[in-house]
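Okay, thanks for squeezing me in. I'd like to walk you through one model today, so let me get it up on the screen.

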Amino acid sequence: MARKLVREALTALLLPGEVVEDAVTMVSELATNAFAHALGGRALGVTPTAGLPELQIYARGQGTEVVVRVFDSASWCGAVPSGENLRPPVDAVGGRGLELVNALAVEHGGRWGAHRSRSRLGSAPVSGKVVYFALPARVPWCPPRRDCHEAARELRRLLAARRIGPLHLSDGLRMAVLSVRPEITIWVRDATFYVTRPSAGAVRRPVGDVEDVAEEVVRCNEDLDALRG
């Protein structure tokens with residue numbers, strides 16, 4: 001199903017056929033990992049709905065990049081492997097999926113990674129992790145026009161749906177401020193999100209990238225909870 005959805009979505013976005021097929025290969029590896037490690041190989045029909053693997057596909061950066069994310073509810077397993085750590089032992093039966101994802105992402109000038117996250121679906125979001133890849137694209141995509149107040153309200157809605165909060169929204173003249181917790185504050189002005197993050201400085205994103213900003217806030221929130229847990 002993940003392969004089918006990615007192929008249909010990226011084909012509809014008019015990405016080159018080679019890119020589409022490599023993206024299908026990449027998401028197949030990520031979905032297989034989620035099934036094998038997060039679900040333990042169990043059939044979906046015997047698995048509780050909360051925390052099932054999730055697939056998300058969206059454009060960001062005014063359509064200059066396509067992002068594919070796979071969420072699973074398996075516990076966080078430490079730093080993202082890179083370099084030689086991506087390569088399993090010569091005699092290993094499996095474990096080469098991330099090495100393949102890395103190679104294809106590099107080939108297309110893209111990137112990939114993993115981070116803590118929280119589920120989007122179900123009535124009770126659960127913690128877990130996301131493994132993602134992002135590929136350069138020229139997507140004919142025009143995000144909805146939002147002023148700072150509309151953008152802040154949409155971000156608040158996305159975060160509240162994932163049980164992040166309590167959230168405090170303040171509106172000003174051509175500016176809005178969304179407070180998530182003492183370490184995370186989002187300022188919205190001049191069609192831009194300014195996200196302050198603990199020990200990592202601030203990041204800027206256009207208001208059209210509200211999904212990306214919501215994921216960054218969730219990631220920071222989960223990292224802080226883990227440090228305090």
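So, surface to start with: the accessible surface of this chain comes to about 12100 Å², and 54% of that belongs to carbon and sulfur atoms. And keep in mind, please, that this is a predicted model. Of the 229 residues in the chain, 44% are buried. On contacts, take the pairs that are at least 6 apart in sequence: 56% of those join residues at least 24 apart.

Now the secondary structure. We've got 5 helices and 9 strands. If you read along the sequence, the pattern goes α-α-β-β-α-β-β-α-β-β-β-β-β-α.

Let's go to the open sheet. It has 4 strands in the order 1-2-4-3, and the pairing is antiparallel. Which strands stand at the edges? That's strand 1, residues 54-60, and strand 3, residues 111-118; each has a single partner strand, so one side of each is left without a neighbour in the sheet. On average, neighbouring strands here are turned by 25° against each other, if you ignore direction.

As a reminder, strands of a sheet pair through backbone hydrogen bonds, either parallel or antiparallel. Look at strand 2, residues 65-72, and strand 4, residues 127-136: those two pair in the antiparallel sense over 8 bridges. If you want a spot to click on, Val70 stands opposite Val131 in strand 4.

Two helices pack on this sheet, and I'll take them in turn. Helix 1, residues 2-12, touches strand 1 and strand 2, and its direction makes about 15° with that of strand 1. Helix 3, residues 97-107, packs on the sheet too, touching strand 3 and strand 4. For helix 3, the angle with the direction of strand 3 is about 125°.

Okay, empty space. Rolling a probe the size of a water molecule over the atoms shows where empty space is left. How many cavities of 30 Å³ or more does the structure hold? Just 1. About 70 Å³ of space lies in that largest cavity. Which residues line it? Glu54, Leu55, Gln56, Arg69, Phe71, Ser117, Arg118, Arg120, Val130, Arg162 and Glu215. That brings us back to the sheet: strand 1, strand 2 and strand 3 each supply at least two residues of the lining. Strand 1 gives the most, with 3 residues.

Next, helix 4, which covers residues 148-161 and is where you'll find Glu154. Is Glu154 buried or exposed? It has 18% relative accessibility, and the cut-off for buried is under 20%, so Glu154 counts as buried. What is Glu154 in contact with, leaving aside its neighbours within four places in sequence? Arg146 and Val210.

Follow the chain on from there and you hit the loop between helix 4 and strand 5, where strand 5 is 168-172. I'd point at two things in that loop. One is Arg163, which sits in this loop and has a positive phi of about 60° although it is not a glycine. Arg163 comes out at 55% relative accessibility, and exposed means over 50%, so Arg163 counts as exposed. The other is Pro166, also placed in this loop: a cis peptide bond joins Gly165 and Pro166, with omega at about 15°.

Last stop, strands 6 to 8. Strand 6, residues 175-181, pairs with strand 7 in the antiparallel sense over 5 bridges. Those two form a hairpin with 2 residues between them. One bridge to look for there is Ser179, whose partner in strand 7 is Thr185.

Then strand 7 is joined to strand 8 by 5 bridges, and these two run antiparallel. Here the bridge partner of Ile186 is Val195 in strand 8. What does Asp190 do in this hairpin? The hairpin has 2 residues between its strands, and Asp190 takes a positive phi near 50°, although Asp190 is not a glycine. For orientation, Asp190 sits in the loop between strand 7, which is 184-189, and strand 8, which is 192-197. At 63% relative accessibility, over the 50% cut-off, Asp190 counts as exposed.

That's what I wanted to show. Happy to spin the model around if anyone wants another look.

Note on methods. Residues are numbered from 1 along each chain as its sequence is written. This is a predicted model: local features need pLDDT of at least 70, side-chain atom pairs count only at pLDDT 80 or more; totals for chains, interfaces and linings use all residues. Side-chain values use heavy atoms; hydrogens and water are left out. Two strands pair if DSSP finds at least two bridges between them. Axes are lines fitted to C-alpha atoms, for helices over the stretch in contact, and angles run from 0 to 180 degrees between N-to-C directions. Contact means heavy atoms within 4.5 Å. Buried means under 20% relative accessible area, exposed over 50%, partly exposed in between (1.4 Å probe, protein chains only). Accessible areas come from the Shrake-Rupley method with a 1.4 Å probe; for residues, only the protein chains shown count as cover. On a 1 Å grid over the protein atoms alone, a cavity is a set of points where a 1.4 Å probe fits but cannot get out, and a pocket is an open set with protein on both sides within 12 Å along at least five of seven lines; lining residues have an atom within 4 Å of a point. Grid points are joined across faces, edges and corners, and a volume is the space filled by probe spheres set on the points.
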